[in-house]
Amino acid sequence: MTEYRDLTFFTYSDSKWVFASGFPYIMLSVGWLGSTVPVADPLKPDAKKSLLYNLSLFIQHPVNLCRGIHICEICGCEPRLDSDKSWLGSGEIFIHGPNNLLYAAPTMIYHYVQEHDYVPPIDFIKSACHPPSMATYSQFAEAEAAYYKRG
Ligand SMILES: [Zn+2]
């Protein structure tokens, strides 16, 4: 898995479709861990449960899907989403933050939070748990589909 520090500018995938959507997003990376988990105070069980639940909703609509499965470089497993057993590690989720921020995270972030006690930046957690709306989120998948249909 490609590794980026949290809240650095996101440059990993080809996301021309995001910019073609006409909104001046500033894309920031979250959860691109590589083989180490940043040290942080652990989330309280309720907060962790809430974050995992909300991440699972986003993961049902991944973008920038690629072929193949990434294994977790921390524990060596091939992680799956426990609710429906779908594989993690082959797509990304985009979460609309405050103003025009857009957080780009690998779907693997679910596994990092669940199994490795990764604590994402607080604004990411707030945005994941209280997104403007899931309708807004599904627009990302629609914008991606429209862009590639046109191209
Ligand atoms: Zn792992």
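The following paragraphs describe the strands, helices and nonpolar core of a predicted model.

The sheet is open and consists of three strands in the order S1-S3-S2, with mixed pairing. Strands S1 and S2 stand at the edges and have a single partner strand each, so one side of each is left without a neighbour in the sheet. On average, neighbouring strands of this sheet are turned by 30 degrees against each other, direction ignored.

Strand S1 (residues 26–29) pairs with S3 in the parallel sense, over four bridges. Within this pairing, methionine 27 has leucine 102 of S3 as its bridge partner, and leucine 28 stands opposite tyrosine 103 in S3. Strand S2 (residues 92–96) is antiparallel to S3 and is joined to S3 by five bridges. Leucine 102 in S3 stands opposite histidine 96. Leucine 102 is also the bridge partner of methionine 27. The hairpin of S2 and S3 has four residues between the strands, and asparagine 99 in this hairpin takes a positive phi near 55 degrees.

Helix H3 spans residues 109–116, and its residues Ile109, Tyr110, His111, Tyr112 and Val113 are buried. The buried residues of H3 pack against two elements, helix H2 (45–59) and strand S3 (101–106). Aspartate 117 follows H3 and has a positive phi, near 55 degrees.

Helix H4 (residues 122–129) lies across S2 and S3 and runs at about 90 degrees to S2. H4 also packs with H2, at an angle of about 65 degrees and with the two axes 9 Å apart. The crossing of these two helices, H2 and H4, is left-handed. On the H2 side, the residues in contact are Ser50, Leu51, Asn54, Leu55 and Phe58, which meet Ile125, Ala128 and Cys129 in H4. Sorted by class, the contact of H2 with H4 comprises six nonpolar residues, two polar residues and no charged residues.

The largest nonpolar core contains 29 residues, and Leu55, Ile95 and Tyr103 are those with the most contacts inside it. Two or more residues of this core come from each of the elements H2, S2, S3, H3 and H4. Of the residues named, Leu55 is also among the H2 residues that meet H4. Tyrosine 103, when residues up to four places away in sequence are not counted, touches Leu28, Val30, Phe94, Ile95, Gly97, Phe124 and Ser127. Among these contacts, Leu28 is the residue that stands opposite tyrosine 103 in the sheet.

Tryptophan 17 has its place in helix H1 (residues 16–20). This residue counts as buried because tryptophan 17 has 20 C-beta neighbours inside 10 Å, and 20 or more are required for that class. Leaving out residues up to four places away in sequence, tryptophan 17 touches Ala143, Glu144, Tyr147 and Tyr148. Aspartate 82 is 65 residues apart from tryptophan 17 in sequence, and the C-alpha to C-alpha separation of tryptophan 17 and aspartate 82 is 30 Å.

Key
Residues numbered from 1 in each chain as written. Predicted model: local features only at pLDDT ≥ 70, side-chain atom pairs only at ≥ 80, totals over all residues. Buried ≥ 20, exposed ≤ 12 C-beta atoms within 10 Å, placed from the backbone. Contact = placed C-beta atoms within 7 Å. Pairing = 2+ DSSP bridges. Axes fitted to C-alpha atoms, helices over the stretch in contact; angles between N-to-C directions. Left-handed = near helix turned anticlockwise from the far one by under 90°. Nonpolar A, V, L, I, M, F, W, Y, C, P; charged D, E, K, R; others polar. Core = buried A, V, L, I, M, F, W, Y, C linked by C-beta atoms within 7 Å.
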